[in-house]
Amino acid sequence: MKRLLIAGICAAGALFAAMAAAQIAEHPSQLSYRPLAFTPPKAKDYRTVLSNGMVVYLVEDYTLPTVDIQAIISTGSLYDPRDKIGLARMAGEVMRTGGTHKMSGDELDERLAFLGASIRTSIGNTSGNASMSALSRDTDEVLGLFADVLMHPIFAEEKIKLYKDEAIEALKSKNDQPRAVLEREFRKLLYGAHPLVWAETKATIEAITRQDLLDFHRTYFAPNNIILAVAGDFQRQEMLAKLEKAFADWQPRTVTLPRVPEVAVKNRPGVFMIQKQINQGYVNVGHFGIKDTNPDIFAINVMNFILGGGSFTSRITSKVRSDEGLAYNTGSRFANEHLFPGTFYGYVQTKSQTVYYAISLILKEFERIRREPVKEEEMVTAKNYFLDSFPDRFSTAIGTMSTFSSLEYNGFPLDYYDTYCDKIRAVTPQDVMRVAKKYIRPEQMTIMIVGDIEACKKGDEKHPGTLDQLGPITEIKLPDPLTGK
Amino acid sequence: MHKSIVTAMGLACLLVLFAAQPALRSQELNLEDQVIEHTLANGLKILMVERHEVPRVVCHIYYRVGSVNERPGITGISHFHEHMMFKGTRTIGVTDFAADDALNRQIDSLYQLIYREKYWKRDGDLSKIKQWEAQTDSLMRYEKRYIIKDDLWETYMKNGGTGLNASTGQEITGYYVTLPSNKVELQMWLESDRMLHPYFREFYSEKEVVREERRLSENSPGYFFREQLNATFWAASPYSWSVIGWDADLQKLTKQDMIEYNRRYYVPNNAVAVYVGDINPQGIIALAEKYFGRVPRGPDPEPVRTTEPKQYCEKRVYGQAEAPPSVTIMYHVPPAGHPDDEVFRVISGLMNGTTGRLYKKLVKEKGIAVDASASGGGMMYAGEYSFRGRPKSEAGHTPEEVEQALYEEIERLKTEPVSDYELQKVKNQAEVSFIQSLRSTYGLASRLGRAELGLGWRDLQKSLERMKAVTAEDIMRVAKTYFTKDNRTVGILYRAAQTRRGPRSS
């Protein structure tokens, strides 16, 4: 850029303003850019292992006088017992709020607040997360607290009660948001009885005891079951010594994750409706998708960008929103899962009377991308987007370290990003059609609608057509959120 | 420089990646040292911060316009206008401008007839309306041959644009893209073009998109209640309507309204352009002179005239929705820039978080709420400060009980000086969050741009200093002055037993 800019400075001297204006390209396609090379940092260069087996990705970063640590722990709510659904999520929260032998939860809160620091923990479906953030001058103290929380949480009874009260109150709002209802019920329909879609109820929350939480912690929290990402204002060797010291008492041991049943991949074609007295239909149209380790993922990402993932640049958004004015939100998505097949779906929220019409447009785009080769311009736009935006992933030091630790956690090769751009470049229009045919199956679509059923069923004058043209309609009754019945 | 080659030297070399500058200490973190500013002759302000971690540049442009600049009849126009800015210009989004323009003129005149017949008359002629609508439909179908769909968006995307978006608030509208550092010129080209030559094609279909966006908001639990509560709180100020606007106004807005609105507010002397990332500031200035420099200065837009009058009596709003029960207590406070403004920031610090007074008292100690919070302060033309809480309804607690408990905490602010420890804690947190806010290039661009259109970007740091000077006495005085019964509006929301039908749009 610098060479070009020097020319720019000369041209833009006040005296030459008029001349400069005359030089403005008539169309942005006439602009030319200096080449830009970017080689991503390599994960292996930042990786090290502490003596107790804890894997660490670490980098010095002097942008700000701060230190950040993000940990991934191999656990998840996927392993909850059937009668104690919610155990992992509760453990993830109360291990922090409940304090340790050294410091009660309240004392911990106070001290961190006074330092303007934070320690957070949480557990999701297939991983646990813990993080700390502090000014670098407070590194020793906050790191000590962080290690203590990871190693010695006591799950104080009073904080368990506080958590349970809030969790039960939150259950009552489970059916308030139309979109949350749609996402949940769509997954429930596909995954059936699989633990991925088990839902907490008042009874399962109340059944969880302090001993359960202590046992949970003992089962999954071990140094060799954790990967750390560390970045900030420190000297590398000093920081490594601090980490060694902070976790010195923690011995590695064998952690075995319980076996989780496979997902029975069986699509559920048909129209499924959930009654809600609102003025739009919230719609998902889709079926099972892919695991994030699927080797076709690059071709799939390019294909879905063109279909409905690339916002306004994609076909579905362009047609349903921009052309027809039918919706604010519309597109298509591969929601990939790590250990299991994910979902693929088109989505739209549109006023009740245009629900059928909007769905029919989305289905047409599904058919089209399977049948017609995509245009060269579409390929160029999609690939350029992935290639040119690639460096964004490495824009903060802690973000980069965290990206690397996630790679390792999810079992990807550490050189994944070294070959990323080549793999995008290699995708051909033939690949796009092949994966469209393989992963989009119009005859297997589950069409799910949350909205005012009667109003959605009819079209209107301008948009004729009714929902039963799409298949037999089944109404799903929402369970009571407190009892799950 | 992007030295990302890792050699056999291994880790020593990696320092280069993220360590562009020597270690800083918080007291040395001075915005003044990092921000470079430049003002064009037409009044456009350029703000720049160098960050060389990756070869990317966050490019934002902000205009001082939002729903407070609207009036009854055109509510929602600021946001609708933001949508229209993606519909192209005389060059972008169109293959044959003259032909497209001729069609648009025909479509606009037909819609003028339709709107008059529909909205001006009590008993408009439906058959005429139908006939005109059929004509506009066929003209709009014909127009598609000249339209390059979403051209601006696609141009950004295929050049690696991320964070591509725009947003409209009550006071400020922003347009965002992050580009590879060799392509900032593209942003200058496109943004100066849409500042110079906006063209509002596809106006009528986009209006329907905006109305769908309003429906989406309406379907968010408790939306109608919040909208009414806000409208009740503000007696005169244009803060009383939502940014999305009233649906009746959206229906009746005209193309001419849009053109006039654009001319008034989308002038370089009402805007700031921000570049944060891998830039050479001199190069940015040269490009800005070249591209934005060609946009003529406009008349300075008049600030909002209406100030909120003093409220002389308590107002209360009751409602029900398929949403968690809650209480909201809103007070009028002074606009930003008033010396009391930082005191409200300190009060928020005292109230919020798990060590804040509200959580401690209402959630932990009394056990009547699942959460409680306080927030607000001065805005550009007025101010609002609110306390909120959600009762633990499963245990039989009510919004009214939470309301009383909130008043007890408000009274405590008036009568009991806060301890030195509590005050210091709040100030420490403010200082750290100021430092943390400098991390993300996107967030930094946003804070700088928005602040610039308010009290100026330098005020971000000055405000922190003013906050550090707030005393226990200030807090008592401010609480006594503003948190009074006559100055408040209280909203009580109950959970609806049954789902209720929202108003249907025609």
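## Helix packing, sheet and chain contact

The axes of helix 3 (residues 77-84) of chain B and helix 11 (residues 255-265) of chain B cross at roughly 90° and come within 10 Å. Helix 3 of chain B is therefore roughly perpendicular to helix 11 of chain B (angles of 65 to 115 degrees count as such). Axes are lines fitted to C-alpha atoms, for helices over the stretch in contact, with angles from 0 to 180 degrees between N-to-C directions. Helices (H or I, at least four residues) and strands (E, at least two) are DSSP runs numbered from the N terminus.

The model is predicted: local features need pLDDT of at least 70, side-chain atom pairs count only at pLDDT 80 or more, and totals for chains, interfaces and linings use all residues. Residues are numbered from 1 along each chain as its sequence is written, and chains are lettered from A in the order in which they are written.

Residues are in contact if their C-beta atoms, placed from the backbone, lie within 7 Å. The helix pair meets through these residues:

| Element | Contact residues |
|---|---|
| Helix 3 of chain B | Ile77(B), His81(B), Met84(B) |
| Helix 11 of chain B | Asp257(B), Met258(B), Tyr261(B), Asn262(B) |

Chain B also holds an open sheet of 5 strands in the order 7-11-8-10-9, with mixed pairing (strands pair if DSSP finds at least two bridges between them). Strand 7 (315-321) and strand 9 (369-378) of chain B are the edge strands. The twist averages 15° from one strand to the next.

The contact between the chains takes 85 residues from chain A and 90 residues from chain B. Helix 8 of chain B gives the largest share of chain B's side, 9 residues.

Definitions and conventions
Contact = placed C-beta atoms within 7 Å. Parallel < 35°, antiparallel > 145°, perpendicular 65-115°, else oblique.
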